[in-house]
Amino acid sequence: MASVFGLPVLAMEYALVRHHHGMGQYGGMFYTAMALYALAWVLPHRLSFRMPRILAAGAALLITLFPVGLLVLLAAMVSA
């Protein structure tokens, strides 16, 4: 049985971001990443669900880190 103690934290963070009128142009990516993190958290911890959990968490991590990585790459290109 999956533990759902982390889901209230995700719900509070989502409500806080929505209360402050989203995150601008990256809000959709942030909300998608949050939904994927929640999906990875809620899926059962059985062996048959291991790969979907890994894929959901990995996709959420990539969606979250892509804009930051792009900014670091652009900063490196500009400073060179």
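**Overall architecture and the surface of helix H3**

The chain exposes about 6200 Å², of which 77% is supplied by carbon and sulfur atoms. The structure described here is a predicted model. Three helices and zero strands were assigned to the chain, and the order of elements from the N terminus on is α-α-α. Of the 80 residues in the chain, 14% are buried. When contacts in the chain between residues at least 6 apart in sequence are considered, 51% of them join residues at least 24 apart.

Helix H3 comprises residues 50-79. At 1.5 Å a residue, the 30 residues of H3 should span 44 Å, and the distance of 42 Å between its end C-alpha atoms agrees with this expectation. The helix nevertheless contains a kink of about 40°, located at Leu65 and shortly before the proline Pro67. Pro67 itself is buried, as are Ala56 and Ala60 of H3.

A further proline, Pro52, also lies in helix H3. In contrast to the buried Pro67, Pro52 is classed as partly exposed, because its relative accessible area of 35% falls between the limits of 20% for buried and 50% for exposed residues. Pro52 is separated from Leu39 by 13 residues in sequence, and the C-alpha atoms of the two residues are 9.2 Å apart in space.

A nonpolar patch is present on the surface, formed by Met29, Phe66, Leu70, Leu71, Leu73, Leu74 and Met77, which together have about 700 Å² of accessible area. Helix H3 gives the most to this patch, with six residues. One of the patch members, Leu70, is found in helix H3. With a relative accessible area of 38%, Leu70 is partly exposed; this value is over 30%, so Leu70 meets the accessibility cut-off for patch residues. An α-helix has 3.6 residues a turn, so residues three or four places apart point the same way.

Taken together, helix H3 combines a kink at Leu65 with buried positions at Ala56, Ala60 and Pro67, and H3 also provides six residues of the nonpolar surface patch.

Terms used. Residues are numbered from 1 along each chain as its sequence is written. This is a predicted model: local features need pLDDT of at least 70, side-chain atom pairs count only at pLDDT 80 or more; totals for chains, interfaces and linings use all residues. Side-chain values use heavy atoms; hydrogens and water are left out. Patches are made of residues with over 30% relative accessible area and no salt bridge: like charges are joined within 9 Å, nonpolar side chains (Val, Leu, Ile, Met, Phe, Trp, Tyr) within 5 Å. Accessible areas come from the Shrake-Rupley method with a 1.4 Å probe; for residues, only the protein chains shown count as cover. A salt bridge is a side-chain nitrogen of Lys or Arg within 4 Å of a carboxyl oxygen of Asp or Glu. Helices (H or I, at least four residues) and strands (E, at least two) are DSSP runs, numbered from the N terminus. Buried means under 20% relative accessible area, exposed over 50%, partly exposed in between (1.4 Å probe, protein chains only). Contact means heavy atoms within 4.5 Å. The expected span of a helix is 1.5 Å times one less than its number of residues. The bend at a residue is the angle between axes fitted to the seven residues ending there and the seven starting there.
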